Each structure stands twice: as C-alpha cells, then as structure tokens.
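The following paragraphs go through a structure step by step, from helix packing to single residues. Please keep the sequence and the model in view while reading.

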Amino acid sequence: MEIVAAIVRQLTRNLSVEEIEASGFGPYYIDHTTGIWPQAAGGVPFNACEFQSKGDAITDLFEDLAAEQKARSTYDNILRTLHDPEVCDPIRFLREREIVHFQRFGETLRNAIDEMNSKNFYAFNPGFDTAMWKQAKENR
C-alpha cells in the first residue's frame with residue numbers, strides 16, 4: 001500500500017488544475033486534493049471489509065490465496081496500461097511479491113491439510129467444534 005501510495009503521490013504532486021481536470025482526476029481532487037485516499041478504480045474507498053477472516057485455517061488460507069491472486073491481477077492490469085519505468089518497476093516488484101506470497105500460502109495450506117485429521121477435513125473447525133461433534137456422534 002505504501003509503495004502504491006508513494007507512486008500516486010509522485011505522479012500527482014506537480015499537476016496543474018488544468019491537468020487535473022483534463023485527466024478526469026477532478027472529482028478526486030475536489031475531495032482529497034492530491035492526498036492519498038486508497039480506493040478501487042471504480043471509486044469505492046478501501047475499508048476493513050476488504051479483509052476476510054473466518055477463524056478456520058482452510059477457509060482463511062484460501063482467502064489469503066485469492067487475495068494474492070487478485071492483487072497480482074491488478075498489478076498485471078496496471079502494467080498493461082502504463083509504460084513509465086518509474087511506475088512499472090516498483091509495480092513489477094509488488095507483483096513478484098504477490099507471487100511469492102501466493103506460493104507461501106499454498107505451502108502453508110498443503111501443510112495444514114497434511115496435518116488435519118482426515119475425518120475432520122472440511123467438516124468442522126476442531127478448535128471450536130470438537131465438543132459439538134463429539135456429542136453428535138454419541139447421540140447416534
């Protein structure tokens with residue numbers, strides 16, 4: 001986030017009002033001047049709803065994998081549309097970092113699956129639901 005915000009700041013800090021209006025940056029400028037206000041390309045502000053957590057290792061690791069891929073896709077889209085090396089080089093670095101994170105989360109997911117009791121795989125979160133499932137089994 002800091003790298004992307006720094007790039008945006010560098011690209012906008014010396015814009016004239018005419019350049020701001022011509023670029024379509026006017027509505028953003030009115031609200032934030034050239035300050036950094038993280039938002040999606042469609043204008044939706046970044047917020048805590050972007051983070052997903054269920055407290056279940058498998059579910060959360062799949063969410064982490066998806067987040068890394070979504071970030072990588074965004075960087076791919078940026079690289080398709082921009083050609084300024086001062087912007088593209090840091091974006092390439094961030095893209096590579098997302099790929100490494102995806103690989104590490106994948107390894108962690110494989111380790112979590114390998115360590116789980118196969119009877120519990122996707123059935124319940126053993127850290128929270130052991131007593132409930134034990135009672136259900138006894139009632140059969």
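What follows describes a predicted model, beginning with two helix pairs and ending with two residues.

Two packed helices are described by the angle between their axes and the distance between the axes. For α1 and α5, the angle is about 170° and the axes are 10 Å apart. Angles over 145 degrees count as roughly antiparallel, and α1 is therefore roughly antiparallel to α5. On the α1 side, the contact is made by Ile3, Val4, Ile7 and Leu11. Helix α5 contributes Val87, Pro90, Ile91, Phe93 and Leu94. Sorted by class, the contact of α1 with α5 has 9 nonpolar residues, with no polar and no charged ones.

Helix α5, which spans residues 85-115, also packs with α4. Here the angle is about 160°, and the axes are 9 Å apart. The two helices α4 and α5 are therefore roughly antiparallel to each other, and their crossing is left-handed. How do the residues of the contact of α4 with α5 divide by class? There are 17 nonpolar, 4 polar and 7 charged residues in this contact. The α4–α5 contact thus has polar and charged residues, whereas the contact of α1 with α5 has none of either class.

The next residue to consider is Thr12, which belongs to helix α1, residues 2-12. Is Thr12 buried or exposed? Its relative accessible area is 8%. Buried means under 20%, so Thr12 is buried. The side chain of Thr12 reaches the backbone oxygen of Val8 at a distance of 2.9 Å. Leaving out residues up to four places away in sequence, Thr12 touches Phe25 and Thr34.

Val8 also serves as a reference point for Trp37. Val8 and Trp37 are 29 residues apart in sequence, and their C-alpha atoms are 9.9 Å apart in space. Where is Trp37 found? Trp37 sits in the loop between α3, residues 26-32, and α4, residues 57-81. The relative accessible area of Trp37 is 41%. This value falls between the limits of 20% for buried and 50% for exposed, so Trp37 is partly exposed. Which residues is Trp37 in contact with, apart from neighbours within four places in sequence? They are Tyr28, His32 and Pro45.

Taken side by side, the two residues belong to separate accessibility classes: Thr12 of α1 is buried, while Trp37 in the loop between α3 and α4 is partly exposed.

Conventions
Residues numbered from 1 in each chain as written. Predicted model: local features only at pLDDT ≥ 70, side-chain atom pairs only at ≥ 80, totals over all residues. Heavy atoms only, no water. Helix = DSSP H or I, 4+ residues; strand = E, 2+ residues; numbered from the N terminus. Buried < 20%, exposed > 50% of the residue type's maximum accessible area, 1.4 Å probe, protein only. Contact = heavy atoms within 4.5 Å. Axes fitted to C-alpha atoms, helices over the stretch in contact; angles between N-to-C directions. Parallel < 35°, antiparallel > 145°, perpendicular 65-115°, else oblique. Left-handed = near helix turned anticlockwise from the far one by under 90°. Nonpolar A, V, L, I, M, F, W, Y, C, P; charged D, E, K, R; others polar. Polar contact = N/O pair within 3.5 Å; in protein donor to acceptor, adjacent residues only side chain to side chain.
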